2 protein chains.
Amino acid sequence: MRIARILTPTGPQHAVADGDSWAFIEDVFATPLVRTGEAVPIEGTALLAPVQPRDILGLGHNLTNNDHPLPMQAWHKSVHTLANPGDAIVARRGVGTVNIEGELAVVIGTRAEALTLENAFDAVLGFTIVNDVTNVDQVPIDEKSFQSKGGENYTPLGPWIETELADPENVSTTVEINGEVRAESGSFNLPSSVAATLVYVTQWLTLYPGDVVMTGAPNTFVAVNPGDRVDITLAGIGTLTNTVV
Amino acid sequence: MRIARILTPTGPQHAVADGDSWAFIEDVFATPLVRTGEAVPIEGTALLAPVQPRDILGLGHNLTNNDHPLPMQAWHKSVHTLANPGDAIVARRGVGTVNIEGELAVVIGTRAEALTLENAFDAVLGFTIVNDVTNVDQVPIDEKSFQSKGGENYTPLGPWIETELADPENVSTTVEINGEVRAESGSFNLPSSVAATLVYVTQWLTLYPGDVVMTGAPNTFVAVNPGDRVDITLAGIGTLTNTVV
């Protein structure tokens, strides 16, 4: 099932895909989901980032194909950097190269404390796509992932949450810049599995519904420039598209 | 002026100190502040963390007296760790020593982008006290300040916001454990000034009303154990008290 978030006259509201319509629901974290009875056509409806996390976690040292030079390390990205599908990424000038990073994002559904490899996905509402935009030339002088990760619309998220992804550990990822394929990889190339990442993070910090864990960029990073269009496609989820200005 | 946050039957509400009363106000970020006309006695009223930040920033390498071994580096602390005055800090067991850190906290009042040394305090609503509780033995293997900073009630904040602090760069700090003075220092000992910290942070990340910047612990960290009572007193603000369990 796909769950999106849509701006309505009374504020943002979640909706589930139902044929040609987005059918609005009450509480996205409720079980079962309750429909309000109202709907809008999928065609032509703009989508917001599908959730408003209180914490966004990134994973350090989870970047290269199956290579784990250092133990996994999480860090927080500012919630102020969250952006919607279609929003313009404001690439910082004068701080070196700006990379986009196409990643599988986990959306937490229930309070998640000390998860295990066996139950890690029980706490998950679903999966979406995140673009972890990075001032990559800051990384060598930014071991705390602050300078490299701050910028306007530096965390596009969406376009929707897929609640029935077949296998989160085997999600193919394609990054296109201006329609040209520039990176092909997938979560199967992450040094730490998605489940192991959730175990590590919740060992140290209890997560809550709506929190987002960015699982790492398995060679899915590409330098971009103003004017570029970025399409990140994850098999079984969809495509997150943003432009760079 | 002191601004507190108080739990009422209709939810948390801000209030200003007025003689023996907390006088409730509408929007804490409005200018001028508008009183609702209702009030509660200061005596006996429990206070919440005086603000609910969307981002909590900490400052790395701003720990020792006037010593700056490495450039300043900010990091994010989870908003899930926020705690009220009086809340019990749940010291993690089995991960080494747990330190409390008594710090001056800046509460942002207006959108703050690329502040300068001249206008840094214009964006500030006021100042309060923060206890940046830390799993200190994790620090050497946690360059991203994640494992060392995650825990239940690891960020007590309060007891109130002081909007008229005479000189933020000269705030004496005293840490007492079980009534015994264990650290005496102040913001005058911070390697980077409070203004310089705000300039650095907002150069990379735009802050918004309610965000909190923890300015660093100038030798105001003390190891604690379950049962300890922690009093952090900042001259011109007040005392933040929590127990460790």
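**Close-up views of a predicted two-chain model**

**Figure 1. Where chain B meets chain A.** Welcome to the interface of this predicted model: 22 residues of chain B are in contact with 22 residues of chain A. On the chain B side, the top contributor is strand β6 (residues 73-77), which supplies 4 residues. Sorted by class, the side of chain B that touches chain A holds 8 nonpolar, 9 polar and 5 charged residues.

**Figure 2. The axis that relates the two copies.** A turn of 180 degrees, with a shift of 0.0 Å along the axis, lays chain B on chain A with an RMSD of 0.0 Å. The two copies are therefore related as by a two-fold rotation axis. Both copies use the same surface, since 95% of the contact residues of chain B recur in chain A. To find the axis from the chain B side, look for B:Lys144: of the residues of chain B, B:Lys144 comes closest to the axis, with its C-alpha at 2.1 Å.

**Figure 3. Two domains within chain A.** Here we turn to a single chain, where the domain assignment gives domain 1 (2-41) and domain 2 (56-244) of chain A. Taken over C-alpha atoms, the centres of domain 1 and domain 2 of chain A are 25 Å apart. Their contact draws 4 residues from domain 1 of chain A and 9 residues from domain 2 of chain A. The side of domain 1 of chain A that touches domain 2 of chain A consists of 3 nonpolar residues and 1 charged residue, with no polar ones.

**Figure 4. Strand β9 of chain B, covered on both faces.** Strand β9 (residues 98-108) of chain B has 11 of its 11 residues buried. One side of β9(B) presents B:Val98, B:Ile100, B:Gly102, B:Leu104, B:Val106 and B:Ile108, all buried. The other side carries B:Asn99, B:Glu101, B:Glu103, B:Ala105 and B:Val107, and these are buried too.

**Figure 5. The strand partners of β9(B).** Follow β9(B) along its bridges and you will meet several antiparallel neighbours in chain B, among them strand β10 (residues 124-131), joined by 7 bridges. In that pairing, B:Val106 stands opposite B:Phe127. Strand β16 (residues 221-224) of chain B also runs antiparallel to β9(B), with 4 bridges, and here B:Val98 has B:Val224 as its bridge partner. With strand β15 (residues 212-214) of chain B, β9(B) pairs in the antiparallel sense over 3 bridges, placing B:Ala105 opposite B:Met214. Finally, 2 bridges link β9(B) to the antiparallel strand β11 (residues 134-135) of chain B, where B:Asn99 faces B:Thr134.

Notes:
Residues are numbered from 1 along each chain as its sequence is written. Chains are lettered from A and ligands numbered from 1 in the order in which they are written. This is a predicted model: local features need pLDDT of at least 70, side-chain atom pairs count only at pLDDT 80 or more; totals for chains, interfaces and linings use all residues. Two residues are in contact if their C-beta atoms, placed from the backbone, lie within 7 Å. Ala, Val, Leu, Ile, Met, Phe, Trp, Tyr, Cys and Pro count as nonpolar, Asp, Glu, Lys and Arg as charged, and the others, Gly among them, as polar. Copies are superposed by least squares on the C-alpha atoms of residues with pLDDT of at least 70 in both. Domain bounds come from an automatic or database domain assignment. A residue is buried if 20 or more other C-beta atoms lie within 10 Å of its own, exposed if 12 or fewer, and partly exposed in between; C-beta atoms are placed from the backbone. Two strands pair if DSSP finds at least two bridges between them.
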